[in-house]
Amino acid sequence: MRRRNRKEDQNVDTHTSTGTKRALVVGCGLAGCATAWWLHESGWEVVLVDQRTDPYPSSYLLQLDNVAIDILRRMGAQDVIDRTTYPSPNTALRWCGQGKTRTLSFDTRDHRGEPWRLADRSPFLSAIFAHVPSTVDIRLGVRLDSLENFTDRVKAHFADGTADTFDVVVGADGLHSTVRELTLAPESASVYRNDVTHLWINVDEKLLDGQAILAARNRTALQIYPYRDPARTMILAALPVPAGTPLDHRALVDHVADTITHLGVDLEPIASAARASSDIKTTQFSQVRLSRWHTRRVVLLGDAAHCIDPLSGMGAHGALLGVVSLTAALQRYGSATTSAFTRYESEVRPFAESAQSVTARTIEYISRTQHRPRLTTVLGGLGDIARIIPSLLHKKNQRNSLALSDIRETNRQAA
Ligand SMILES: Cc1cc2nc3c(=O)[nH]c(=O)nc-3n(C[C@H](O)[C@H](O)[C@H](O)COP(=O)(O)OP(=O)(O)OC[C@H]3O[C@@H](n4cnc5c(N)ncnc54)[C@H](O)[C@@H]3O)c2cc1C
């Protein structure tokens with residue numbers, strides 16, 4: 001991992017000595033790296049920090065829809081797309097009835113015939129990290145500890161004892177965001193959980209017809225995707241486990257393998273490989289639900305603001321949409337950061353809330369963790385969507401992204 005441009009004495013305040021605006025971006029995930037790229041492109045001096053020295057340890061699949069792909073292209077990251085992602089295969093919805101396995105296949109091509117793409121998260125994010133311009137000041141292994149808010153700046157204190165001053169702080173620090181905890185709400189008040197546990201299993205086994213599979217059975221939601229190397233497959237299962245119950249990994253894997261077996265004989269090798277796999281991790285269903293994503297000079301972005309849950313396959317879309325919207329709003333409103341952040345939030349919140357509603361209601365319908373009639377879950381979901389429709393239709397939200405050329409044009413005019 002690179003560590004670049006580290007200043008000798010970071011306790012010295014460097015704020016605005018050159019008149020260039022300075023941003024601290026906390027977190028080197030997709031949201032943080034993309035924010036660093038876009039802010040740098042629009043003339044900001046950017047410091048990008050991550051508490052980890054190697055921020056991309058785990059390798060499971062990340063879905064990139066066409067909005068995410070388009071934004072990456074506008075970042076000039078076509079080579080990253082070509083090297084580290086591959087077209088999402090056709091997807092089959094599988095279910096069993098009256099002793100028969102039924103399949104409904106669909107593909108994820110858009111109106112231009114372009115498919116969504118899948119990325120092995122670790123090499124993909126490493127390549128995006130390498131794409132961040134070399135003039136961005138990257139500090140790895142540096143944890144943000146606290147923030148001091150002043151009217152015209154924010155002072156950030158890091159765990160290594162250094163401090164630095166910025167015009168704006170962007171919290172792109174993920175589900176367990178420190179920036180959110182320091183400025184807006186503790187995790188206990190901002191993260192929604194619902195007794196659903198995810199089991200991620202990598203297996204060295206091929207999906208026979210190469211199609212991805214989605215299924216719901218035994219109160220369990222299943223997503224099964226081939227890796228780029230078709231000899232490897234990822235299983236993501238979401239199943240009900242009441243809060244506080246100790247996780248019995250063996251029992252969870254057996255439950256998932258049994259569920260897969262019931263979906264067809266062609267999946268038996270995948271089920272057996274799941275039982276034998278040691279490449280397993282568990283996470284909890286989690287959504288960040290906050291009534292506000294910003295304070296005067298501090299703003300949240302990506303999972304820190306609105307984690308939708310990896311099940312949705314929409315994390316990359318939400319993060320990248322937010323980056324483009326935030327950069328454009330900062331360009332438009334200059335030092336009026338509250339107006340910029342309000343604008344950004346109004347553009348991205350309708351997408352985030354609708355994606356959260358669909359994801360949570362679907363998983364709660366399948367897993368029946370909410371102990372209420374399923375009709376209530378469906379009606380609640382329709383209610384959520386109805387509540388969001390006015391903001392989705394609002395004119396300014398239809399322009400929810402700004403072309404890079406627009407940012408360059410604004411720069412030219414400012415110069
Ligand atoms: C380990 C992991 C595995 C994931 N796997 C998948 C997957 O397989 N499929 C999928 O669809 N989605 C996955 N996700 C979620 C997906 O990556 C995100 O939805 C999407 O990429 C947007 O993430 P983000 O950049 O907002 O946050 P993240 O990717 O979570 O990045 C946040 C970064 O902030 C850093 N950070 C946190 N606190 C501090 C602090 N105080 N100081 C400095 N740095 C800090 C963290 O180290 C982390 O690198 C995963 C997330 C994580 C963290």
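Two strands count as paired if DSSP finds at least two bridges between them. Keep that in mind as you work through this predicted model.

**Exercise 1. Work out how β5 and β6 pair, and place them in their sheet.**

Step 1: Count the bridges. Strand β5 (residues 91–97) and β6 are joined by seven bridges, in the antiparallel sense. At least two are needed for a pair, so β5 and β6 pass.

Step 2: Pick out a matched pair. Thr91 sits opposite Phe106 in β6.

Step 3: Zoom out. The order β6-β5-β15-β16-β17-β14-β18 makes an open sheet of seven strands, with mixed pairing. At the edges are β6 (100–106) and β18 (280–284), each pairing on one side only. From one strand to the next, the twist averages 20 degrees.

Step 4: Add the helix. Helix α8 (residues 268–276) packs on this sheet and touches β14 (196–203), β16 (220–226) and β17 (233–240). The direction of α8 makes about 100 degrees with that of β14.

**Exercise 2. Describe the sheet that contains β7.**

Step 1: Get the order. This one is an open sheet of three strands, β3-β7-β4, with antiparallel pairing. Its edge strands are β3 (61–64) and β4 (85–87).

Step 2: Look at the turn between neighbours. On average it's 30 degrees, direction ignored.

Step 3: Check one pairing. β4 and strand β7 (residues 117–120) run antiparallel, joined by three bridges. Pro87 has Arg117 in β7 as its bridge partner.

Step 4: Find the packing helix. Helix α4 (residues 121–131) touches β3, β4 and β7, and its direction makes about 90 degrees with that of β7.

**Exercise 3. Decide whether α1 and α10 are roughly parallel or roughly antiparallel, and say what makes the contact.**

Step 1: Take the geometry. Helix α1 (residues 30–41) and helix α10 (residues 315–333) pack at about 25 degrees, with their axes 9 Å apart.

Step 2: Apply the cut-off. Angles under 35 degrees count as roughly parallel, so α1 is roughly parallel to α10. The crossing is right-handed.

Step 3: List some players. The contact includes Leu30, Trp38 and Leu39 of α1, and Leu320, Val323 and Thr327 of α10. By class, there are 10 nonpolar, three polar and no charged residues in the contact.

**Exercise 4. Find what surrounds the ligand.**

Step 1: Start with the count. The ligand has 32 residues around it, the closest being Gly27, Gly29, Gly174, Gly302 and Gly315.

Step 2: Trace the suppliers. α1, β2 (45–50), β3, α9 (303–306) and α10 each give at least two residues to the shell.

Step 3: Sort by class. The shell has 16 nonpolar, 10 polar and six charged residues.

Key
Residues are numbered from 1 along each chain as its sequence is written. This is a predicted model: local features need pLDDT of at least 70, side-chain atom pairs count only at pLDDT 80 or more; totals for chains, interfaces and linings use all residues. Axes are lines fitted to C-alpha atoms, for helices over the stretch in contact, and angles run from 0 to 180 degrees between N-to-C directions. Helices (H or I, at least four residues) and strands (E, at least two) are DSSP runs, numbered from the N terminus. Angles under 35 degrees count as roughly parallel, over 145 as roughly antiparallel, 65 to 115 as roughly perpendicular and the rest as oblique. A crossing is left-handed if the near helix is turned anticlockwise from the far one by less than a right angle, and right-handed if clockwise. Two residues are in contact if their C-beta atoms, placed from the backbone, lie within 7 Å. Ala, Val, Leu, Ile, Met, Phe, Trp, Tyr, Cys and Pro count as nonpolar, Asp, Glu, Lys and Arg as charged, and the others, Gly among them, as polar. A residue is near a molecule or strand if its C-beta atom, placed from the backbone, lies within 6 Å of it.
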